[in-house]
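Let's walk through this structure together, one neighbourhood at a time. Keep the viewer open and follow along.

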Amino acid sequence: METTAASIALNLLAFIGAGAYVLGQTSARGASPVDQRLGALFTVLMALVGVRALRWWLEVEALRRIEEAIAALLPLFALFLAEGLLRRHAPSRLKQAIAIGVAIFMLAAVLRPISIAPLFAYALGAFVSLSLISLAVFLAARDRASLSAGENDAISALFVGLIIAVPLGATDFLAGAGVSPIRAGGLGLLVFILAVARVTAHGGGGLSVVEEVFWAVLAAALGFAVFIFVFGAPPLMAALTWFALIAALVLVFRVVQYVRELREARSRSSFWRAFAEAPTDNLDAFLDRMLDAPELQRARLLEGAALAGYDHAALLRGFDQGPVLSGAEARAWGAGALEQLCVLFDEQEATHAILVTREPLRILFVNLPRVGAGPDVDLQLQLLAKLAGQAARA
């Protein structure tokens, strides 16, 4: 494969990986300030790799100036993220150096003569790489006692991801300066995105990122072995190119997987947030807050006229063992035993029924397709029934 086409493909895959993470963050409820700073940094990175891929494809000089201006912004957004992670300001000299450097290089990117483009690419790459390395040192030299174990693990993971990504990212600037034909910045960005996605979804420190990268490289090696078996061994540069593309595909797959896991975890945590915020001194207010949770958007409270045509005693028999009944449990009783409840389950397309009050009879039918298979759903519904009963007695 041609080197330019492969480099464009790597940057497009990096764009997809960063976009998946940003979309996952912006659609999440209750994102933390650090989440917002990560989203801002990844948005800048998306703009950089997107413009860079477009420039390599169209070979338009004006796009190169835009690309350089965006690249000059990276240390500033990385600084904001580092300060957010550590919950303290960076040394004033480091902040001043980055701020002044960003302003100078952004201005120079717009005004520089075309003839010095290779030299400017070399200088810009040096500035961005040294700034990111300085921020990595700033993170490594943190006061670990002032942070929690989870925070230290997260910073360690991002530090490792950054250390791996910087040398790969520097190859794009070296290629722009005409020093090297290798352009692996997209692959480096994917490694950093993987480190961030891994730690936000499951936690873990730097060793977990190293392990994750190891398994990704191993998966890419297996995929490359299959490629060689089918198509034969290509020349060295072509082999490295194909291996990088296969590795990038593996990294994108893992990033998307972690983003999905993070969204599922957050969907369950939003249910717990509703429990924490719902008042327990008034049943109507409690139910209003609980039904506002995303997990209960398809829930329906049946009472009064909605249950007028049913035998209340027959409905209540389904809750003899407890206030929460699943659809599978209701059907396991056999035909006729809980026939009326089974009819309601089918009508409401519900997975669970919760007895809110016996007199007057109120039954909440819920459908939890996103969290129904989660390990904590039974606990959540039992707690919902308990708090609803407490609110009804208040």
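Strand 1 (300-303) and strand 4 (362-366) pair in the antiparallel sense over four bridges, where strands pair if DSSP finds at least two bridges between them. Within that pairing, Arg 300 sits opposite Phe 365 of strand 4. Helices (H or I, at least four residues) and strands (E, at least two) are DSSP runs, numbered from the N terminus. This is a predicted model, in which local features need pLDDT of at least 70 and side-chain atom pairs count only at pLDDT 80 or more, while totals for chains, interfaces and linings use all residues. Residues are numbered from 1 along each chain as its sequence is written, and side-chain values use heavy atoms, with hydrogens and water left out.

On its other pairing, strand 4 meets strand 3, again in the antiparallel sense, this time over five bridges. Strand 3 and strand 4 form a hairpin, with four residues between them. Look for Leu 355 opposite Ile 363, and for Thr 357, whose bridge partner is Arg 362.

Now zoom out to the whole sheet. It is open and has four strands in the order 1-4-3-2, with antiparallel pairing. Strand 1 and strand 2 are at the edges with a single partner strand each, so one side of each has no neighbour in the sheet. Neighbouring strands are turned by 25° against each other on average, direction ignored; the axes are lines fitted to C-alpha atoms, for helices over the stretch in contact, and angles run from 0 to 180 degrees between N-to-C directions.

How many residues of strand 4 are buried? Five of the five, so strand 4 is largely enclosed by the rest of the structure. Buried here means under 20% relative accessible area, exposed means over 50%, and partly exposed is in between (1.4 Å probe, protein chains only). In a regular strand, side chains alternate between the two faces of the sheet. Here, Arg 362, Leu 364 and Val 366 point one way from strand 4, Ile 363 and Phe 365 point the other way, and all are buried.

Two helices pack on this sheet. Helix 13 touches strand 1, strand 2, strand 3 and strand 4, and its direction makes about 45° with that of strand 4. Helix 14 (residues 377-393) touches strand 2, strand 3 and strand 4, with its direction at about 15° to that of strand 3. A contact means heavy atoms within 4.5 Å.

Helix 13 (residues 339-348) is worth a slower look: its buried residues are Leu 341, Cys 342, Leu 344, Phe 345 and Gln 348. They cover an arc of only 160° around the axis, which puts them on the same side of helix 13; that arc is taken from the directions from the helix axis to the C-beta atoms. The face turned away from the buried side carries the exposed residues Glu 339 and Glu 347. What covers the buried residues includes helix 11 (312-317) and helix 12 (327-332), along with strand 1, strand 2, strand 3 and strand 4. Just after helix 13, Glu 349 takes a positive phi of about 50°.

Back in strand 3, find His 352. With 10% relative accessibility, His 352 counts as buried. Leaving aside neighbours within four places in sequence, His 352 is in contact with residues including Phe 345, Leu 364, Val 366 and Asp 378. Its side chain also makes a polar contact with the side chain of Thr 351 (2.9 Å). A polar contact is a pair of N or O atoms within 3.5 Å; within protein, one must be able to donate a hydrogen and the other to accept it, and residues adjacent in sequence count only if both atoms are side-chain atoms.

Next, the cores. The largest nonpolar core has 84 residues, and those with the most contacts inside it are Phe 42, Leu 124, Leu 158, Leu 190 and Phe 192. Its largest share, 13 residues, comes from helix 9 (residues 236-277). Apart from it lies another core, of 24 residues, among them Ala 274, Ala 299, Val 366 and Ala 388. A nonpolar core is a set of buried Ala, Val, Leu, Ile, Met, Phe, Trp, Tyr and Cys residues joined through side-chain atoms within 4.5 Å.

Finally, visit Val 250 in helix 9, which is buried at 17% relative accessible area. Outside four places in sequence, Val 250 is in contact with Ala 216, Ala 219 and Ala 220.
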